Amino acid sequence: MLARAVTHALVGLEPRRVEVEAHLERGIPGFAIVGLADRACQEAKHRVRSGISSALLEWPLDRRITVNLAPAGLRKEGSSFDLSIALAVLAASRQVPAERLAEHAAVGELALDGRIRPVRGAFAVAEGARSLGLELILCAPESAAEAELAGVQAVPVRHLGEAVAYLRGELQPAPVESPDETVEPELPDLADVRGQERARRALELAAAGGHNLLLAGPPGTGKTMLGRRLPGILPLLAPAEALEVTRIHSVAGLLAPERPLVLRAPFRAPHHSSSTAAIVGGGPGPRPGEASLAHRGVLLLDELPEFQRPTLEALRQPLEDGMIAIARASGQALFPARFQLVATMNLCPCAGRGDPAAECSCSPQRLAAFRDKLSRALLDRFDLVVTVPRPRAAELAAGPSEASQPVRVRVAAARVRLREAAPLRTKAADELLTRAVERLPLSGRGRARVARVARTAAALAESDAVESEHVAEALAYRSPKELAA
Ligand SMILES: Nc1ncnc2c1ncn2[C@@H]1O[C@H](COP(=O)(O)OP(=O)(O)OP(=O)(O)O)[C@@H](O)[C@H]1O
Ligand SMILES: [Mg+2]
Ligand SMILES: [Zn+2]
């Protein structure tokens, strides 16, 4: 007796169809899973067997059971096939109707007592189901709202027994609660930051144009504070972006069951001790790293020079093309990583440089090593470099600064302008840029980045053209003297 269930494995973010075939035959009783299944997948045998017994269903004791996961060339990882395997075995032993099972996809891990647990990537698996024309997916209740974002109907089941009763037509599962669509709690506000007008302006430009920003300066001047306030002035994600980000966060297992759709631009701030794999992705699966989790949002690298040099170098490629490719024996996994980089740093290892109240005690060698860590190639990718000086007493004593809300409105308006009628450079602005390329000098990439920042400045000023003043402002954020030798 042969029965089939269909599910999907994930290669990176891509769902790949997996057919689960359960074959029951006479012979020496036993249970085998074949078809390039990894350890966690092999352990499915124990979970499926004990799950079926716990659900008071019958384990076909006198039969030889072979489960084949096809195609065999695709490596199957993790526990997400448990539910499909159990249902295929039950269909092969005529305990659930095979034709009803064929109308459903299924995804979920089985606990030994038959409970169904949510797994990572339910959204992408549900997308795979829909692409096959399946409209129903059996899954854990925690995955239901997430799966429905893919345009299928989720059948939330808490227990294998419940899934079987449903497939036999004995039970109607509770409907999926509609997700909570309110946006999450408030973010830190710019009203808290005193003074630092130039850095605030750079933050606004960064938000409007999606530019990379480096905040450098002595300790305690508000660099980290400013970096953390970028998400609060970004617009919400467009619907297509929201689904794209949701797919990535689903594969990482980061979605909140009650509000699975990511509406806000993501903000990720990994610690400087993070491994390269944690930042750019990797490991079994492979899984997306922080750079991909920050896709369409912000990656904050606080204390940039503390990160390992190879980690920083690994970020150069995604900063250029917005993609991370991870090679595996089973093929290449692609993760989008179009993030906006914000970094903070002191001006030297002892942090005394640029601080009128302190003196730099770094040896020339130590200073050189510090600067070496940040390759020119990396620094070249920051569109906006701004020094954040120690605020004057008067600035700190002044009343509250402008809050995030009006800034967010200006940013949103500038983004619309940039999308619909990007301003073009005037002749004078063009000449200024050409002269700067020779004088600074600017690399080809540097020139393009200055041109983009100038366009953002023009859009924020509601100007129809990029004027010299906008190019001049963009140039002023290029290489501040404090960072030079
Ligand atoms: N411009 C400012 N306005 C208001 N508060 C500030 C400002 N600068 C610093 N502070 C206060 O100092 C604390 C430290 O600021 P923050 O962590 O942003 O400094 P930093 O520049 O990142 O320093 P470090 O280089 O040591 O990391 C803040 O929590 C805040 O209370
Ligand atoms: Mg800091
Ligand atoms: Zn120093």
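A residue counts as buried if 20 or more other C-beta atoms lie within 10 Å of its own, as exposed if 12 or fewer do, and as partly exposed in between. Keep that in mind for what follows, and remember that this is a predicted model.

**Two odd backbone spots**

Most residues other than glycine have a negative phi. Arg94 goes the other way, with phi near 60°, and so does Gln196, at about 55°. Are these two buried or exposed? Arg94 has 13 other C-beta atoms within 10 Å, so it falls in the partly exposed class. Gln196 has 24 such neighbours inside 10 Å and therefore counts as buried. Here they are side by side:

| Residue | Phi | C-beta neighbours within 10 Å | Loop |
|---|---|---|---|
| Arg94 | near 60° | 13 | between helix 3 and helix 4 (98-101) |
| Gln196 | about 55° | 24 | between helix 7 (160-167) and helix 8 (197-209) |

There's a cis bond to look at as well. Most peptide bonds are trans. The one from Ala70 to Pro71 is cis, with omega near 5°. To find Pro71, look in the loop that runs between strand 4 (64-70) and helix 3 (82-92).

**The nonpolar core**

In soluble globular proteins, nonpolar side chains tend to be buried together. The largest nonpolar core in this model has 136 residues, and the members touching the most others are Ala86, Leu87, Ala88, Val89, Ile137, Ala147 and Leu384. Which helix gives the most to this core? That's helix 3, which puts in nine residues. Take Ala86 as a sample: leaving out residues up to four places away in sequence, Ala86 touches Val48, Gly51, Ile52, Leu110 and Leu160.

**Helix 21 and its cover**

Further along the chain, helix 21 (residues 468-476) has its own buried set: His470, Val471, Glu473, Ala474 and Leu475. An α-helix has 3.6 residues a turn, so residues three or four places apart point the same way. What covers the buried residues of helix 21? The cover includes helix 19 (427-439), helix 20 (444-460) and strand 18 (465-466).

**Around ligand 1**

Now for the ligand. A shell of 14 residues surrounds ligand 1, and the closest of them are Pro219, Gly222, Lys223, Thr224 and Met225. Helix 9 (residues 223-228) supplies the largest share of that shell, with three residues. How does the shell divide by residue type? Eight of its residues are polar, four are nonpolar and two are charged.

Note on methods: Residues are numbered from 1 along each chain as its sequence is written. Chains are lettered from A and ligands numbered from 1 in the order in which they are written. This is a predicted model: local features need pLDDT of at least 70, side-chain atom pairs count only at pLDDT 80 or more; totals for chains, interfaces and linings use all residues. A residue is near a molecule or strand if its C-beta atom, placed from the backbone, lies within 6 Å of it. Helices (H or I, at least four residues) and strands (E, at least two) are DSSP runs, numbered from the N terminus. Ala, Val, Leu, Ile, Met, Phe, Trp, Tyr, Cys and Pro count as nonpolar, Asp, Glu, Lys and Arg as charged, and the others, Gly among them, as polar. Two residues are in contact if their C-beta atoms, placed from the backbone, lie within 7 Å. A nonpolar core is a set of buried Ala, Val, Leu, Ile, Met, Phe, Trp, Tyr and Cys residues joined through C-beta atoms within 7 Å.
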